[in-house]
Structure formats: structure tokens, C-alpha cells
Amino acid sequence: MNVFDTMLSRYEIKTNDDYRNALHEVMQQIALAGLYRGGFFDHAAFYGGTCLRIFHQLPRFSEDMDFSLLQPNKEFMLEDYFKPIINEFSALGREVVINKKVKKNESNIESAFLKDDTAIYNLQFRTERTVRIKLELDTDPPLGFSTESKLLMLPYSFMTRCYTLPSLYAGKMHALLFRKWSNRVKGRDWYDFEWYVKNNIALDFTHFGKRVMQFESLKEEYLSHESFKELLKEKIIKTNMDMIRSDVKPFLKDPEGINIWSANYFLQLVDLIIFI
């Protein structure tokens, strides 16, 4: 059995969703290995739901890969690291292509926030174009986050620079509150919020504030713990719980755990948030 098949064999695959989720996650880990080999993590860090899934065992699958430079540099090119990614897949007997995604209007971009300085790419197998991972790199990131090195042991042992859990939490709450999607919700945001609270993770409120000030241009008055909670509670009351359950179910092995979801449930979670 080759390394690619060994990685895939670690997953329990019973349905098409199981296979798709497992294949995406194996691809994500191989892409990280290629980026490491190319020296990418000297300049950037991994964050978002996929980082939480791979390095902190979040019990849901994730699709996209989000990266942030450690310092703003609008001249930085993610394309410089395509060759190490392609070579990593090639060494495992798989051919991939990476294409730049053309930005359209805001409503057509399935990312938390559309910025002129966010580079977006699609990573696909040559023979299975429906298997696709979106790569995003913010070249002008909000700062104030902290990072750590996390170990992966397949396809070989290597380290990935990642946001710490409190900084990941800050990014998730910013996305949950301010995603610019008018006609849909993202249940994965709510699932992750629940996970952070259940695991007593503290929210990096300093980094949250810097994200809000850069992306939303909100005034200082919105950056208190109490105003944050009020804003979050307003969001909960307006959210369609059936829609968020439907969105997240395909990414869960055991969807019964979200049966408890209701506005009252999430309102009580808000009061359990820990800040640092």
C-alpha cells in the first residue's frame, strides 16, 4: 500500500460523503507537506476550520484552506509555492493542477470576506476535477494573532505554523458575526463556536478587535466584551436554526449531536464564553 492509500485507509468510509470528506482531508495534508517543504511557513500561518480539524481533532470535516502572512506583504506570491505542492502529490503518484480563481462580485465568493489583497486558488486532481480545495492567502492580514508549530506525521513528519486556539477562535467569531453572505448561513461556524465553548477555549479578544477594525471599520465602542455578547445574541435570534443544521450535517459523522441546537441553546453558550 502506498502512502496516499495509507493516509486514506485511516478513515471509515461507508458513504459518498465519507469518501469525499476523507479525500479532501488527505489532499489538505499533502498540500501542507508541500508548503512546508517549500519554506512557506517561514512567512505564513495556517488558520480556519481546516486547521482546527487537522490539528485539534474538530469532529467535523472542512473544505477550504486559509493562510495568513505573519506580516503584511502585498508583493508576496503564493504561486511561488505551487511547485513544491505539485511535486509532493507527484511523489505520491497523483497529478494535480492549481488555478487562480477569478474574483467576481462579493456575493459569488464563498469566503468570509472579499479583499483585493486576498489571493484565491483552486487545487484539483487532474483526473477528478470535482475534487477541489480552495486555497486562500491574506497578504494584508489583521495582526495581533499568536502562532505555534504543530506536527503532522504523514505523508512524512513535518511542522506547520498555525494560529493558536485563542486566535483561531477570534477568527471564527469574526466570521460568524460578519460573513457577507446575504441569502445563506454557514452551520459550520456555529458548530465550531459550540466546540470552542465546550472545550473551554479562551477567545483572543485583542485579535478579534483588530479583525473587526480592519474589515468592518467599527468604532471602539463595539470592542467591549458586553457589546460583543449583545451583537452575538442579536445574530443568534435572527438565525434560522434549520438552515445551519442542514449546512453542517454533510460534514459530521454523528449528526445527532446538533439536535439540541436552538436559539435558546446558543444564547446560553454566549454566557459561557471565556475572554483573554
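Modeller: Contact here means heavy atoms within 4.5 Å. Keep in mind that this is a predicted model. By that cut-off D204 touches G144, F145, P166, S167, A170 and I276, leaving aside residues up to four places away in sequence.

Colleague: Okay, and where is D204 found?

Modeller: D204 sits in the loop between β8 (202–203) and α7 (205–215).

Colleague: How do you know that D204 has no salt bridge?

Modeller: A salt bridge needs the nitrogen and the carboxyl oxygen within 4 Å. For D204, which is buried, the nearest side chain of opposite charge is K210, 9.3 Å away, so there's no salt bridge.

Colleague: Then what makes the link between D204 and S167 a polar contact?

Modeller: The cut-off for such a pair is 3.5 Å, and the side chains of D204 and S167 are joined at 3.0 Å. A polar atom of the D204 side chain also lies 3.3 Å from the backbone nitrogen of T206.

Colleague: Now the cysteines. Why is C162 not bonded to C51?

Modeller: A disulfide is a covalent bond between the sulfur atoms of two cysteines. The sulfurs must be within 2.5 Å, but that of C162 is 3.7 Å from the one in C51, so they're too far apart for a bond. The count is 0 disulfides.

Colleague: And why is C51 called buried?

Modeller: Buried means under 20% relative accessible area. C51 has 0%, so it counts as buried. C162 is buried too, with a relative accessible area of 0%.

Colleague: What makes α2 mostly covered?

Modeller: Of its 22 residues, 16 are buried. Helix α2 (residues 16–37) reaches 32 Å from its first C-alpha to its last, close to the 32 Å expected.

Terms used
Residues are numbered from 1 along each chain as its sequence is written. This is a predicted model: local features need pLDDT of at least 70, side-chain atom pairs count only at pLDDT 80 or more; totals for chains, interfaces and linings use all residues. Side-chain values use heavy atoms; hydrogens and water are left out. Helices (H or I, at least four residues) and strands (E, at least two) are DSSP runs, numbered from the N terminus. The expected span of a helix is 1.5 Å times one less than its number of residues. Buried means under 20% relative accessible area, exposed over 50%, partly exposed in between (1.4 Å probe, protein chains only). Lys and Arg count as positive and Asp and Glu as negative; His and the chain ends are not counted. A polar contact is a pair of N or O atoms within 3.5 Å; within protein, one must be able to donate a hydrogen and the other to accept it, and residues adjacent in sequence count only if both atoms are side-chain atoms.
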